[in-house]
Amino acid sequence: MDSIFHEKQEGSLCAQHCLNNLLQGEYFTPVDLSSIAHQLDEEERMRMAEGGMASEEYRTFLQQPSGNMDDSGFFSIQWFNLNSLLTGPELISDTYLALFLAQLQQEGIVKLTFTYSLFRCCNAENILKV
């Protein structure tokens with residue numbers, strides 16, 4: 001199983017380990033994810049400002065901590081349904097994610113999706129068939 005990348009948990013960096021294991025390589029560091037989170041914070045601030053910088057909603061937003069990261073190593077990961085039959089991406093809530101994946105598995109879609117998108121670039125699929 002040496003051909004399958006596995007990043008062992010360190011601290012509270014679950015998002016980093018999840019992404020790197022999913023992508024099968026050391027693609028993200030805590031600094032990378034922090035930079036992305038700060039960029040998302042700035043993008044959210046700009047979108048909120050479009051509604052008026054004097055609005056109560058905008059002022060309240062500025063008082064809140066980042067929803068994308070914190071100092072403990074927490075990084076927010078958003079899940080989207082990218083089914084090409086939809087009119088656009090749909091956000092999947094954390095509570096709905098388990099039900100959504102169970103439905104896809106029951107319909108036989110998850111195996112196909114994971115086999116194609118996750119294992120096509122590495123030898124993991126062949127190793128798992130052994």
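**A tour of the chain, from surface to cysteines**

Begin with the whole chain selected and its surface shown: it exposes about 9,900 Å², of which carbon and sulfur atoms supply 58%, the areas coming from the Shrake-Rupley method with a 1.4 Å probe and, for residues, only the protein chains shown counting as cover. This is a predicted model, in which local features need pLDDT of at least 70 and side-chain atom pairs count only at pLDDT 80 or more, while totals for chains, interfaces and linings use all residues. Residues are numbered from 1 along each chain as its sequence is written, and side-chain values use heavy atoms, with hydrogens and water left out.

Switch to a cartoon next, and you will find six helices and two strands, which follow one another along the sequence as α-α-α-β-β-α-α-α; helices (H or I, at least four residues) and strands (E, at least two) are DSSP runs numbered from the N terminus. Of the 130 residues, 22% count as buried, where buried means under 20% relative accessible area, exposed over 50%, and partly exposed in between (1.4 Å probe, protein chains only).

Now select C14 and C18. There are zero disulfides here, a disulfide being a pair of cysteine sulfur atoms within 2.5 Å. C14 is in none, since the nearest cysteine sulfur, that of C18, is 8.7 Å away, too far for a bond. Both side chains can be sought at the surface, C14 being partly exposed with a relative accessible area of 49% and C18 partly exposed with 33%.

Finally, move to L22, which lies in helix α1 (residues 14-23) and is partly exposed at 31% relative accessibility.
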